[in-house]
Structure formats: structure tokens, C-alpha cells
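Please look over the sequence and the structure shown here before reading on. The report below is meant to be read with both in view.

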Amino acid sequence: MLNQICKCTQFILRNGTQSLCSAQNFNLSRLSTKIINYKITRAMSQSKVVVEAAEKNKEPILKVLEDVIPEKLGAGSPPLSALEVASGSGQHVVYFANKFKNITWQPSDMDEKYIESIKEYITDEKLENVKNPLAIDVTKPISEWPGAFAEKSLDLIMNINMVHITPWVCTEGLFASAGKLLKTSGIMITYGPYAIHGEITPESNVSFNASLKKQNEAWGLRDVDDLEKEAKKNGMTFDAMFNMPANNKILVWLKI
């Protein structure tokens with residue numbers, strides 16, 4: 001049963017958490033021996049997961065958020081609502097929630113290990129502005145998601161290190177969901193390595209892309225041009241790009 005699964009499974013890959021969505025069957029036993037360059041440790045709690053890469057990239061991501069959120073959503077803004085898709089261990093969401101007390105954060109993941117880890121982080125940080133995590137599959141209609149999500153109810157959607165380690169249908173689902181859930185002038189922020197106008201740079205990203213495709217042909221660095229097409233189909237526009245450490249980028253998508 002483990003060899004053929006059809007649900008989101010989290011893996012730790014180079015820069016943090018990646019999520020395999022339910023769009024395709026995967027050979028878990030084979031893939032688990034091939035996932036490259038990751039380091040994961042257990043905290044004192046049996047459930048709490050610590051990902052080294054997430055510890056490294058959470059501060060650079062936060063610095064961008066500290067500029068983008070006030071600019072796009074208003075300085076000293078009233079209470080806001082945010083959804084993080086594919087939260088992984090929970091390190092990012094609690095770190096951001098500690099800095100943005102005016103935002104209510106909804107983490108999500110499809111791996112029970114990470115659901116439990118997120119709960120531990122929320123408890124340890126004593127955060128009142130982070131909701132209990134939900135098992136959200138972005139390839140499914142919003143009406144089938146757990147919890148209650150009304151159209152145009154969110155100010156912000158975060159997605160870190162997912163689109164290059166999932167089949168394209170997951171990216172389609174992410175943008176389709178964002179198009180429905182974001183308020184006008186709301187934003188989605190995605191983070192990871194990308195191709196730009198058909199070109200992947202530097203050489204380390206070329207090698208990384210090749211290694212992803214060797215593991216699964218449906219994976220790989222997505223071109224910003226293709227993502228922009230998905231955004232336009234769903235009432236969004238490509239608003240900004242920030243260069244990040246380790247050859248990653250932050251992309252900002254604006255609901256129009």
C-alpha cells in the first residue's frame with residue numbers, strides 16, 4: 001500500500017519542505033531513498049520536526065515579507081487572514097506569525113507527521129494567531145477542503161518550496177484556489193528556484209532540475225512565464241520578484 005499512494009506526502013529537499021500532492025501515484029519506497037541533500041532532526045518533542053534549511057531561509061523570507069506586506073496590504077493594517085499551503089514542519093508559519101501579530105495564519109499540510117509538528121510549534125510558541133493545521137489538497141475543489149473557506153476571504157497566501165517538487169496539476173490547483181480565495185488586491189507569495197524566460201541559472205540550478213526530473217519526470221523548476229499564464233487565467237498578475245539566497249526567488253502575485 002505504501003508503494004502506491006495518492007495523497008500529499010512531504011519531503012525535505014535542499015531548501016525546505018516540498019509537498020507531493022494527490023494528483024499522481026508515486027513509488028514512495030523508491031523515492032525515499034533518492035531524495036537528495038536534506039537534513040532533518042527531531043526536537044525534544046517526538047512530534048516536533050526541525051528542518052535545517054527552513055531555519056536558514058525563514059529570516060531572509062521574513063525580511064521580504066516585512067517590506068511586501070505593508071506595501072501591498074497596508075502599513076498598520078487591520079487584522080488580516082493568511083493561508084499557508086504545504087506548511088511542512090511549521091517552522092515558517094510560527095516564525096512569521098510571531099512577527100505579524102495582526103495576521104491570523106492558517107497552516108496546512110497533507111502529511112500527518114507535519115500536521116503534528118505544526119501543532120507542537122503552535123503550542124510551544126503559545127501563539128493565538130495561528131489556527132490548527134488542516135489537511136488541504138490544492139488539486140481538489142475548495143468545497144472539498146476541510147474547514148470553511150469563503151471566496152474572497154483571504155488577504156495573503158504563502159507557498160514555500162512546493163511547485164518544483166510536485167506535478168504541474170498542483171501548481172494549477174494552487175493558482176486556481178488563490179484566484180478564488182484572495183480578496184481584490186490580496187497577494188500570493190511563492191518561494192523556490194525558478195526558470196526565467198526558458199533559462200535556468202546558475203549551473204547548480206540546472207543540475208538540481210536534472211536531479212528532480214530523474215526522480216520524477218513530472219517535477220522540475222517552473223518557468224515564471226508559465227506561472228504568469230496561470231495567474232492571468234485566475235484573475236491575478238505577476239507583481240514582483242526578489243532574488244534570495246541559494247539561488248531562490250520570491251514571487252509576488254496580485255489579485256486584480
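The sections that follow go from the chain as a whole to its strands and helices, and then to its charged side chains.

## The chain as a whole

The coordinates come from a predicted model, and the statements below should be read with that in mind. The protein chain has seven helices and twelve strands, and of its 256 residues 54% count as buried. Among contacts between residues at least 6 apart in sequence, 72% join residues at least 24 apart.

## A right-handed unit around helix α3

Strand β5, which covers residues 80-85, and strand β6, which covers residues 103-106, run parallel and are joined by four bridges. One of the pairings is that of Leu80, whose bridge partner in β6 is Ile103. Together with helix α3, residues 91-99, these two strands make up a β-α-β unit that is right-handed.

Seven of the nine residues of α3 are buried, and the helix is therefore largely enclosed by the rest of the structure. The buried residues are Gln91, His92, Val93, Val94, Tyr95, Phe96 and Ala97. What do the buried residues of α3 pack against? Their packing partners include the two strands of the unit, β5 and β6, and beyond these β4 (49-51), α2, α4 and β7 (154-160).

## Strand β12 and its two partners

Strand β12, residues 248-255, has eight of its eight residues buried, so this strand too is largely enclosed by the rest of the structure. Asn248, Ile250, Val252 and Leu254 point one way from β12, whereas Lys249, Leu251, Trp253 and Lys255 point the other way, and all are buried. Both sets of side chains, lysines included, thus belong to the buried part of the chain.

Strand β8, residues 182-192, runs antiparallel to β12 and is joined to it by six bridges; within this pairing, Met188 has Trp253 as its bridge partner. Strand β11, residues 236-244, is likewise antiparallel to β12, with eight bridges between them, and here Met241 stands opposite Leu251. β11 and β12 form a hairpin with three residues between them, and in the turn Ala246 has a positive phi of about 60°.

## Salt bridges within helices

The count of salt bridges in the model comes to nine, and three that lie within helices are described here. In helix α2, residues 52-73, Glu52 and Lys56 are four residues apart, which means that about one helical turn separates them. Their closest N and O atoms are 3.4 Å apart, and the two form a salt bridge. Glu52 is partly exposed at 34% relative accessibility, while Lys56, at 58%, counts as exposed.

In helix α4, Lys119 and Glu116 are three residues apart, about one turn of the helix, and they form a salt bridge with the closest N and O atoms at 3.5 Å. Lys119 is partly exposed, with a relative accessible area of 33%, and Glu116 is also partly exposed, with 28%. In helix α7, residues 224-233, Glu230 and Lys233 again lie three residues apart, about one turn of the helix, and their salt bridge has its closest N and O atoms 2.9 Å apart. Which member of this pair is buried and which is exposed? Glu230 is buried, with a relative accessible area of 7%, whereas Lys233 counts as exposed at 57%.

## A network, and a buried aspartate without a salt bridge

Not every charged group fits the pattern of a pair within one helix. Glu71, Lys72 and Asp239 are linked in a network of salt bridges.

Asp111 lies in the loop between β6 and α4, the latter covering 112-125. Where is the nearest side chain of opposite charge? That side chain belongs to Lys113 and is 4.9 Å away, and Asp111, although buried, has no salt bridge. Because a salt bridge requires a side-chain nitrogen of Lys or Arg within 4 Å of a carboxyl oxygen, the distance of 4.9 Å to Lys113 does not qualify. The side chain of Asp111 does, however, have a polar atom 2.8 Å from the backbone nitrogen of Lys113.

Key. Residues are numbered from 1 along each chain as its sequence is written. This is a predicted model: local features need pLDDT of at least 70, side-chain atom pairs count only at pLDDT 80 or more; totals for chains, interfaces and linings use all residues. Side-chain values use heavy atoms; hydrogens and water are left out. Two strands pair if DSSP finds at least two bridges between them. A crossover is right-handed if, with the strands pointing away from the viewer, the path from the first strand over the helix to the second runs clockwise. Buried means under 20% relative accessible area, exposed over 50%, partly exposed in between (1.4 Å probe, protein chains only). Lys and Arg count as positive and Asp and Glu as negative; His and the chain ends are not counted. A polar contact is a pair of N or O atoms within 3.5 Å; within protein, one must be able to donate a hydrogen and the other to accept it, and residues adjacent in sequence count only if both atoms are side-chain atoms. Contact means heavy atoms within 4.5 Å.
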